[in-house]
Amino acid sequence: MTDGVGRGHRRTGEDRLVTIPNALSVLRILLVPVFLILLVQGEALWALVTLAFSGVTDLLDGWIARRFDQMTRLGRQLDPAADRLYIIAALIGLAARDLIPWWLLIVVVARDVLLVGLAIVLHRSGSGMLPVTRVGKWGTALLFIGLPVLMLGAAFPAVAMVATPLGWVSSIAGAALYWWAGVLYLLQTVRIAGAGRSGRPDGAGYVTSPSSGRLDRHATSDTLDGEEVDGG
């Protein structure tokens, strides 16, 4: 009886909308257009300051959510959404200033479009969310390192000789891992959807283990077990 009540209370808490972490996540998203405008206008230093402030709020909202039990489903959706928006905004701003080619933006956005399509397929098949992969996490991390380093080179010409090559290497490697993770998700989705159509019991409510590549009911879900969908 106690367990059932506990689970009910947890579901109610998970469904909360107004929390401090969620407010901080919304603030991060509201700062995305400010960040983009600063970058497009050539204010790379202030764009970096805005990005750094966003990073601090990201760490803060995560700490508050864990420390004060304010983790919610909405928060787990807002955080990765903000991450993706900042990556896309950085790519748009850098491309608009001819600091990177437009094809890099197209490559990254196309991978996110692929994930949206895969999410629709999984939803229609009644399957669980795809687990976060280490490959995807590394891809996102490298993009978050490489793009600001390119901005740093634009803001301070004195360090551009070092910052620009490092930023390029990190960004290209991040985009490659980003797509590698996308291909892994595509293969997993095909396997899960195929299992569902064949009527096998492992076709619905399961996710694919990133370590084994097999369907696993206990694999970590992006939204149900506290893991963020962070572009991975």
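Leaving aside its neighbours within four places in sequence, which residues is Phe35 in contact with?

**View 1. The surroundings of Phe35.** In this predicted model, local features need pLDDT of at least 70 and side-chain atom pairs count only at pLDDT 80 or more, while totals for chains, interfaces and linings use all residues. Residues are numbered from 1 along each chain as its sequence is written, and side-chain values use heavy atoms, with hydrogens and water left out. Beyond those sequence neighbours, Phe35 is in contact (heavy atoms within 4.5 Å) with Ala47, Thr50, Leu51, Tyr86, Ala89, Ala90 and Met151.

**View 2. Helix H3, residues 44-67.** Helices here are DSSP runs (H or I, at least four residues), numbered from the N terminus. H3 has 24 residues and reaches 34 Å from its first C-alpha to its last, close to the 34 Å expected at 1.5 Å a residue (1.5 Å times one less than its number of residues). Its buried residues (under 20% relative accessible area, 1.4 Å probe, protein chains only) include Ala44, Leu48, Ser54, Asp61 and Ile64. Their cover includes helices H2 (20-40), H4 (73-96) and H6 (134-155). After H3 comes Asp69, with a positive phi near 55°.

**View 3. The largest nonpolar core.** Such a core joins buried Ala, Val, Leu, Ile, Met, Phe, Trp, Tyr and Cys residues through side-chain atoms within 4.5 Å. This one has 25 residues, and Phe35, Leu91, Leu94, Ile100, Val108, Leu147 and Met151 are those with the most contacts inside it. H4 gives the most, seven residues. A second, separate core of seven residues includes Val135, Leu142, Ala181 and Tyr185.

Methods:
Helix = DSSP H or I, 4+ residues; strand = E, 2+ residues; numbered from the N terminus. Buried < 20%, exposed > 50% of the residue type's maximum accessible area, 1.4 Å probe, protein only.
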